[in-house]
Structure formats: C-alpha cells, structure tokens
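Me: I am new to this structure and would like to go through it step by step. Could you look at it with me and explain how its parts fit together?

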Amino acid sequence: MMKTGPSAFLPGIPQAQKKAPSRRPTMALTLARSVLGHPPREGVVPMRFFAEEDIQIYMGMPNHPLNGLLRLSGQTTSRMIVDAVFPRHREKRLSADERLRFAEGLPEDLKPWLTQVLWIIGRIRQDGWEPPPICVLNFRKPRKDPWICRAEHLCGQVPDGTHRVLAYTVLGAEFPEMPVSVRVLCIHPVLLAVVNSLTIALSYFVDPRGTSVFVKKRFVGSATFNPTNEP
C-alpha cells in the first residue's frame with residue numbers, strides 16, 4: 001500500500017475526463033495511469049510557483065531530441081533552461097519580442113519545438129487562455145524515500161506538459177497570482193526504483209562521463225507540488 005500524499009485532499013477526476021493525450025504518452029504517464037499509480041487529483045498552483053521553484057522537466061531518454069536542452073544549458077530544471085534559451089526574458093525594459101529572442105547558438109532542431117512555448121505565452125498574454133491541466137508527479141511527504149525511488153530521472157516531474165511548464169516559468173513574474181491547473185499523479189516508489197535503475201544504466205551507456213553529474217542534478221533540490229482546491 002502506498003502512503004497518502006500531500007494532494008490526497010484534492011477532488012478526484014471523473015472518469016470521463018481521464019482522456020489520453022493525442023501524442024504517445026511518456027512511460028511515466030502510462031505507469032501513473034496504471035494500477036501501479038494513485039488515482040489522479042486536480043488542483044491549482046499560482047503561476048509564480050514555476051518562476052520560483054526548481055521543477056525537473058521531461059527530456060526523454062538519453063537519445064531523445066529534447067536532450068539538446070540539457071546539452072545547451074547543462075541544466076535539468078525549467079528555470080535554468082528558460083534562462084539558457086531566453087537569456088533576456090527578465091529584462092523588462094525590452095519589448096516582449098526582444099525578451100523572448102532565442103539564445104545565440106541554439107540548435108536548429110530545437111527551434112520548432114520551442115516555438116510552441118512562444119505560442120503558449122502569446123495565447124496566455126493576449127487571449128487569457130487557460131490551458132488544460134499539466135500532469136505532474138509528486139513526492140510523498142515526508143520525503144524519506146531514497147533518491148532512486150523518486151521521479152526525476154524517469155521523466156522529470158512533468159510527464160506531460162513540458163511546453164506549458166517553460167511558458168509558465170517565463171510568465172511567472174508577469175502574472176504571479178494567475179492560477180494554473182495541475183493534475184497530480186503518483187507512481188509506486190518501488191517501480192520507480194526499478195525504472196530509474198534501467199534509465200541510469202542507459203544514460204551511462206550513452207554518456208558515461210556525464211551520467212554522475214546528470215543524476216546529481218536530477219535528484220537534488222527539486223520542487224514539491226502542493227496544489228489547492230480551485231477557487
């Protein structure tokens with residue numbers, strides 16, 4: 001039996017709303033929706049949370065194209081990656097377009113993917129768009145699980161919604177109190193330990209020198225989501 005997590009008080013999600021995403025779900029999302037995960041809960045966090053906390057984002061397996069973000073920034077959290085991709089986004093004296101200009105030397109194959117982040121930012125700013133909930137994997141409290149049982153290496157803390165997390169990170173200082181819907185998921189820690197072991201082994205095979213640094217970044221100082229009921 002899994003222990004009760006910090007989001008247990010949140011309302012459950014009606015079965016009709018548990019729709020799979022249009023693209024192929026990540027491994028973590030598949031596991032969280034299986035019998036090996038808790039029933040999902042929904043709540044909200046203020047947008048400033050994304051600009052202030054270290055949220056580990058999904059980068060795929062070591063051979064996934066999104067690992068280009070890791071190679072570019074040397075970081076695994078949304079704040080650090082945003083700082084690397086949009087180095088002038090905090091300079092309020094600049095126009096919106098200038099603040100969100102890509103960093104020089106950004107790999108060409110990442111630009112189409114990151115353009116989706118710009119599209120989300122524009123829709124929220126101009127249209128007040130409220131995106132659907134992002135899926136996040138939470139820790140149990142108190143955080144006593146060994147690091148190998150945590151979710152970061154498997155997929156980060158966001159198995160579905162990486163574009164939106166980066167967009168919220170950019171907008172967190174601009175709209176700090178805007179509520180962001182999150183869907184809190186959980187995977188049994190024993191299963192996480194098994195899968196993390198496999199992905200760490202694969203990471204070592206692909207990049208033996210960089211694996212220890214990557215693992216340290218993935219499992220140190222991560223945010224914990226504590227959403228509240230929707231207002």
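Me: Which residues in α6 meet α8?
Reply: This is a predicted model, and in it helix α6 covers residues 111–127, while helix α8 covers residues 162–171. On the α8 side the residues that take part are T162, H163, R164, L166, A167, Y168, V170 and L171. The residues in α6 that meet them are W113, L114, Q116, V117, I120, I121, I124 and R125.

Me: Are α6 and α8 parallel, perpendicular or oblique to each other?
Reply: The two helices pack with their axes 9 Å apart, at an angle of about 55°, and their crossing is right-handed. Roughly parallel would need an angle under 35 degrees and roughly perpendicular one of 65 to 115, so α6 and α8 are oblique.

Me: Which helix gives the most to the largest nonpolar core?
Reply: That core has 52 residues, among which F50 and I187 touch the most other members. Apart from residues up to four places away in sequence, F50 touches, among others, V165, Y168 and T169. With 6 residues, the helix that gives the most to this core is α8.

Me: Is Q56 buried or exposed?
Reply: Q56 lies in the loop between α2 and α3, and its contacts beyond four places in sequence include T76, E152, K217 and F219. Its side chain also makes a polar contact with the side chain of S222, at 3.5 Å. Because buried means under 20% relative accessible area and Q56 has 0%, Q56 is buried.

Technical notes:
Residues are numbered from 1 along each chain as its sequence is written. This is a predicted model: local features need pLDDT of at least 70, side-chain atom pairs count only at pLDDT 80 or more; totals for chains, interfaces and linings use all residues. Side-chain values use heavy atoms; hydrogens and water are left out. A nonpolar core is a set of buried Ala, Val, Leu, Ile, Met, Phe, Trp, Tyr and Cys residues joined through side-chain atoms within 4.5 Å. Buried means under 20% relative accessible area, exposed over 50%, partly exposed in between (1.4 Å probe, protein chains only). Helices (H or I, at least four residues) and strands (E, at least two) are DSSP runs, numbered from the N terminus. Contact means heavy atoms within 4.5 Å. A polar contact is a pair of N or O atoms within 3.5 Å; within protein, one must be able to donate a hydrogen and the other to accept it, and residues adjacent in sequence count only if both atoms are side-chain atoms. Axes are lines fitted to C-alpha atoms, for helices over the stretch in contact, and angles run from 0 to 180 degrees between N-to-C directions. Angles under 35 degrees count as roughly parallel, over 145 as roughly antiparallel, 65 to 115 as roughly perpendicular and the rest as oblique. A crossing is left-handed if the near helix is turned anticlockwise from the far one by less than a right angle, and right-handed if clockwise.
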